[in-house]
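Biologist: I'd like to learn how to read contacts between parts of a protein. Can we go through an example together?

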Amino acid sequence: MDDQMNALQKQLVPVRGGKPGPAGVTLSQLTGFRLTQIAAWPETLAEAGALAAAAAGCGAAPGPGRAAQGKDGTLLRVEPLKWWLLQRAGQTSVPLQSGSAVAILDLSSARTLVQVSGPQGATLLNHFLPLDLRQASFPAGHAASTAFHHVGVTLWRTNAGFMLALPRSFAASLRELLEGSALQYGLKTRETAFSLATGELE
Amino acid sequence: MSGRRLDKGGRIDRSKPLTFRWDGKALQGYAGDTLASALMANGQRVLGRSFKYHRPRGIMSAGLEESGAIVTVGSSARAEPNVKATMQELFHGLEASGQNAWPNVRFDAGAVSGLFGRFFSAGFYYKTFMGLPPFEWGRGTGLWMKYEALIRKAAGMGAASREADPDCYDHAHAYCDVLVVGAGPAGLRAALTAAEAGRDVILAEQDFELGGDLLNDPFAEPKRLALIKAVEQAGVRVMPRTTVFGLYDNGTAGLVERVTDHLPEPGPFMPRQRFWTVRADATVLATGALERSVAFAGNDRPGVMTAAAGRAYLNRFGVLPGQRIVIATTNDSAYQTAGELAAAGAEVVLADARERSGNDVALGGRLQHGLAPLEAKGRSGIKSVQFARNTGSGWQAAGREDCDLLLVSGGWSPVVNLASHRGVKPEWNAELACFLAGECAEPVYMAGAAAGVWNAAACDASGEAAAKRAMGFEAMQPAPGGWTSPIEPLYEVRLPGSKAKGFVDPQHDVTGDDVRLAHQEGFVSVEHLKRYTTLGMATDQGKMGNIIGLALMAEALGKEIPAVGTTRFRPPYTPVAIGALAGRNVHGHFKALRRTPLHDWNLRHGATMTDAGLWHRPWYFAKNGETIAEAYVREAATVRETLGVCDVSSLGKIAVQGPDAAEFLNRVYTNGFAKLAVGKARYGIMLRDDGMVMDDGTTWRLAEDDFMMTTTTTGAGKVMVWLEELLQTRWPRLRVHLTSVSDQWAGVSVAGPKSREALSACLADPDAVSHEALPFMGVVRVKLKNGIQGLAARISFSGELAYELYVPADDGEAMMDLLWAETKHLGGCLYGLEALGTLRIEKGHVTGAELDGRVTIRDAGLGKMASAKKPYIGKALQDRPELLRKDRPQLAGIFPKDRSKTFNGGALLCQPEEGEGFGEGWVTAVTHSPALGHWIGLGYVAGGHEAWAGRTLMASDPVRGAPVEVEVVSPHMFDPEGGRMHG
């Protein structure tokens, strides 16, 4: 139907820049995903968690600060009462509808997803994020809500690198900062269709 | 001082010569040099001029405590003033120049000020320039205002470049188990101990080489190399050229890494510096100790420096700093230096202020006991030193020695600055004549010379013990000290009545007499002394002179040093470049820019953008060379005639979900929301607790338990925070979730008589927006012809038949392509914020300009929206008597009496006979109305427009122009019945 435009589209031409040699950082713009918020009430937390886990196709909904990978999507616990379900656009899974246990909200256009990978990925992120990203402190499966130049962002780690969910309107500005800093390590940028493998945790 | 490079020795690489320029003259040094060592090797003696008296200054140290060789490095945009030559790593092509001097530091016309030095005592400007007695006594500052510029020009440091900084800087965060500050013997050992025990260790060293004092001892090189290798193998993250400038709460340290300051210019893509925030579980401070001088006449002459510096230049940089050298000491530490300098070929006299010492170092020179330096003679370089002997009742001249270098060791001051940042009170150790850090309640541990441990072997043990304590183990710290013979505390040598200047703080030209004068004038607190004399307030923060100043004040007060106390050290330990503080948050990234989903589309279609909070929004779309005025008038007129499309994506949008969402909104808004039907929108006003208007907007009910609230563009964040606070603190039992969906949607306003026609042409079902299907304030889900799904609401800010159409942000451009084609076909236009403003001013609709936080709902003319049937936030306090006064300023329309004239937004509305004061009101917005054919405005006027019917006011704006006669009218200046909107 559409000519969908995401916030970074004009920057999607694959680019290799900065320090010569192997790229220290790869920034991958992820496209074609669906992001659904599942919000619970305190008394329906367990029920909502079960619904969320079923939709993601994982055994159990992750606790605070964690991400879980299911066969149908990635589930992030972004707030005490909220999960985000990240799936491929068009992915079929257990349908979710607002009801007494949960409130459902589509945020697919509200966030821009950037995967930060490469040997200097954590170093680059730590130019902006006040988070302890050492492997022992923030291994794959950990998630955090944090601030990037005063803007609230969501970060989680997979075996493939870090995933950064940026508010769409800020995405281009924040990405300029990422790219500017990443040049010192050697930067590769590319566009990648979101797949569950991208977000694979284990 | 006639320093010369030795043929061998030192750590410099003689196979790598480097050419640099000093005051325009090409000189040569070597890799491994500092600028100071290279200048010394080239025989350069006068490298600076002092702050106040313009006295010639040379190299006084070999470290960051330097107070003489303070220079400007680089040129043009990269000129950096106040660089300590002792800390500047030499590189090929370095350019450096003297500062605070004209024409140069060797022949400085400003030195004439030294002739008037007796008038420039501490606080002279307070006394002299606060009014010319008796004419300005106690009241005037007129002359001061004239002299101030001259004084500031005559006294000071270097000048910063006026050009923009061409380099970039990074911020960075790091975490570790143990942060070790200082890579001397104690720091290296501490880092190694912690890392070998499995801890994650960061080792920060301000020097470009690791080793600290080991670098000055050629025989310690094997040990140094072995330690460094072990440290690296143990996985320590080593950060050379990195200064820890501050310690803060919870183990947080501030660091500056000089990434490329040792290069002519940063390499491609590299930052010049990185500003690190390191969070450590524990911190070991192995920051060493600084050797201090003694106050005596001429102790600032070029050729007078610390004894440890003499050793550093000899052993590290291969420079013999003088040929005829006098070393004046109060302690054992200078004996090694004396022996090494003599072995290198210098003629050495060691004057020990103590009557005896038990030092057994092979001296190789003459040793004289009981002598201290009384005066350094010479002008641009020392030529001799006059000695004095303490007779027990005072000092007495005691001979003279010709020399070209005087090295002084007045004792050592452990660097306790970082511990002091954490509130650790320094404790005076009389035996060692220095302050030591007291025990810290936080996991911060001192090690090595910073803990007063002078002996090399004990420094190893000290580093190990500190590391163990940092890991939570018990460990015994070696006792401070380590000299064979005790130090002779010595701070000043002067004959009674002497007027010669002996400097306590050479960087700020503070003398011993200044300290005594401050005492005489009643400044007995050390904090007051600091501020009155500026002792310790130069860029070295008193590293050289603080203890001497304290000692002199103690003497004047007849107290012991501990009774006088010490000032608290505050960050930064060394100056931090403002660029490093700013990082990459400069220029366009000072604030993160928010782009709407239609940002690029708008630009492609000719938008000129303007700031709206963090957003860029279309301001106007000029055609064929139109000015902004021509463009917005055309756009507004087109909206009224046919239609226009405006990007309103930046409006705040908040999803309010949950079974109690309606109840929540009902409590927040002044008007009722409980019974708002699904598929309906309602305009709402929310107040603050104090009854003032906070924000406004429409809220759409999408389902029983699902609303979308819109807010003003700039009020969105504030409203979101406010609503969350209400839910979390006042109404935690309400089952409501709030989520910002501002970024989820692309939104446009489609306004004008042909708006329905354009919109319906874009829809899969053209009847979806018919009057019946979508009446005024209705909301429907729509599907566009290209398959995009969205929401359409029939609401109007312009006063015309109008709709807001929202689609997912990713579909924004596709929606706009479709809509723009239909709009053009119907003769419509794109319009920006300026025309939007015109349309709303004509209608008397309020925005942030009117809702400025001082306005009640009645003031804004919206009192009918304040429900009398239900409680809501702000209801109680909006009825305070003061807020009910009839003469409060109220929203009004404003016309110029002469319709050909305009007036300014921000002007005061005054009665014709009152040109001063606060007036009767103010103008909030002005525009040229195409509908009315003249300039119009909105504003507030006492009592509202009805109180001024038929009367004339003046729009007074004395800063920008002459007053304009205006009349006050209803704020609803166009189509007051709203017929067009409901059309």
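Modeller: Sure. Two residues are in contact if their C-beta atoms, placed from the backbone, lie within 7 Å. Keep in mind that this is a predicted model.

Biologist: With that cut-off, how many residues of chain A are in contact with chain B?

Modeller: On the chain A side there are 43 residues, and they meet 41 residues of chain B.

Biologist: Which elements of chain A each supply at least two residues to that side?

Modeller: Those are β3 (33-40), β7 (102-106) and α3 (168-182) of chain A. The largest share comes from α3(A), with 10 residues.

Biologist: And what is the chemical mix on the side of chain A that touches chain B?

Modeller: It splits into 18 nonpolar, 17 polar and eight charged residues.

Biologist: I've also seen interface size quoted as an area. What's that about?

Modeller: The size of an interface is often given as the accessible area lost when the parts come together. Here we're just counting residues in contact.

Biologist: Now inside one chain: what domains does the assignment give for chain A?

Modeller: Domain 1 covers 13-32 + 110-193, and domain 2 covers 34-106. Taken over C-alpha atoms, the centres of these two domains of chain A are 24 Å apart.

Biologist: How many residues of domain 1 of chain A are in contact with domain 2 of chain A?

Modeller: Nine residues of domain 1 of chain A contact nine of domain 2 of chain A. On the domain 1 side, β9 (143-148) and β10 (151-158) of chain A give two or more residues. The largest share, three residues, is from β9(A). By type, that side of domain 1 has three nonpolar, five polar and one charged.

Definitions and conventions: Residues numbered from 1 in each chain as written. Chains lettered and ligands numbered in written order. Predicted model: local features only at pLDDT ≥ 70, side-chain atom pairs only at ≥ 80, totals over all residues. Helix = DSSP H or I, 4+ residues; strand = E, 2+ residues; numbered from the N terminus. Nonpolar A, V, L, I, M, F, W, Y, C, P; charged D, E, K, R; others polar. Domains from an automatic or database assignment.
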